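Thank you for asking me to look over this model with you. The points below are meant to be read with the structure open beside them.

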Amino acid sequence: MEGREGAGRRHNREVLDHLRHRLTLGEPVTLLGSPYRLITEEVRREERGGQEEAVVRFGLAGDGRTFGFRIELSLMGDPSFEDPILTAETILVLLDEAVLVGRRSAPDPEGVVWVS
């Protein structure tokens, strides 16, 4: 038996695999009927402060900037771990909303504009 922590990490890997499948690198994708086309540069897992996050770096067709989006994945002890509500589809909805109406940071040292 893999235990709770192993199950949580497996769930997070599955979410990222589904997200990578939906956001094919380099292929323009339209999310939820939005007017923009997102071109994915990278989908990865990152650990920050003991928290696992999904990180998506992308461009928008017709816009030369690179954008980034990060969201916390399910954690041990998090109520969503027992009944995971964070799925690839949920992340796509949140990403779509962030791009359409979210706040944008000033470009970071790498030139990435983070949306939230």
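1. Buried residues account for 41% of the 116 residues in the chain. Please keep in mind throughout that this is a predicted model, and that every value quoted here was computed from it. The accessible surface of the chain comes to about 6700 Å², and carbon and sulfur atoms contribute 52% of that surface.

2. On the overall layout, the chain has three helices and five strands, and when one reads from the N terminus on, the elements follow the order α-β-β-β-β-α-α-β. If one takes the contacts between residues at least 6 apart in sequence, 44% of them join residues at least 24 apart.

3. The pairing of strands S3 and S4 is a good place to begin tracing the fold. Strand S3 (residues 51–60) and strand S4 (residues 63–72) run antiparallel and are joined by eight bridges, with Gly-59 standing opposite Thr-66 in S4. The hairpin that S3 and S4 form has two residues between the strands, and in this hairpin Gly-62 takes a positive phi near 85°.

4. Strand S4 also pairs with strand S5 (residues 112–114), and here the two strands run parallel and are joined by three bridges. Within this pairing, Gly-68 stands opposite Trp-114 in S5.

5. Helix H3 (residues 88–101) allows a simple check of geometry: at 1.5 Å a residue, its 14 residues should span 20 Å, and because its end C-alpha atoms are 20 Å apart, the model agrees with that expectation. Which residues of H3 are buried? They are Ala-88, Ile-91, Leu-92, Leu-95, Asp-96, Ala-98 and Val-99. These buried residues cover an arc of only 165° around the axis, which means that they lie on the same side of H3. As background, an α-helix has 3.6 residues a turn, so residues three or four places apart point the same way. The face of H3 turned away from the buried side carries the exposed residues Glu-89 and Val-101.

6. Turning to charged side chains, a search of the whole structure finds eleven salt bridges. In general, side chains of opposite charge can pair when their charged atoms come close. One of the bridges links Arg-44 with Glu-42, whose closest N and O atoms are 2.7 Å apart; Arg-44 is partly exposed because its relative accessible area is 24%, which falls between the cut-offs of 20% and 50%, and Glu-42, at 27%, likewise counts as partly exposed. Another links Arg-45 with Glu-47, with 3.6 Å between the closest N and O atoms. Arg-45 is partly exposed at a relative accessible area of 37%, and Glu-47 counts as partly exposed at 44%.

7. A further salt bridge deserves a separate point: where do the side chains of Glu-53 and Arg-70 meet? They meet in a salt bridge of 3.0 Å, N to O. Glu-53 lies in strand S3 and Arg-70 in strand S4, so this pair ties together parts that are 17 residues apart in sequence. Glu-53 counts as buried at 10% relative accessibility, whereas Arg-70 is partly exposed, with a relative accessible area of 24%. Salt bridges that share partners join Glu-53 and Arg-70 with Glu-42, Arg-44, Glu-46 and Arg-48 into one network.

Definitions and conventions:
Residues are numbered from 1 along each chain as its sequence is written. This is a predicted model: local features need pLDDT of at least 70, side-chain atom pairs count only at pLDDT 80 or more; totals for chains, interfaces and linings use all residues. Side-chain values use heavy atoms; hydrogens and water are left out. Two strands pair if DSSP finds at least two bridges between them. Helices (H or I, at least four residues) and strands (E, at least two) are DSSP runs, numbered from the N terminus. The expected span of a helix is 1.5 Å times one less than its number of residues. Buried means under 20% relative accessible area, exposed over 50%, partly exposed in between (1.4 Å probe, protein chains only). The arc is that of the directions from the helix axis to the C-beta atoms. A salt bridge is a side-chain nitrogen of Lys or Arg within 4 Å of a carboxyl oxygen of Asp or Glu. Contact means heavy atoms within 4.5 Å. Accessible areas come from the Shrake-Rupley method with a 1.4 Å probe; for residues, only the protein chains shown count as cover.
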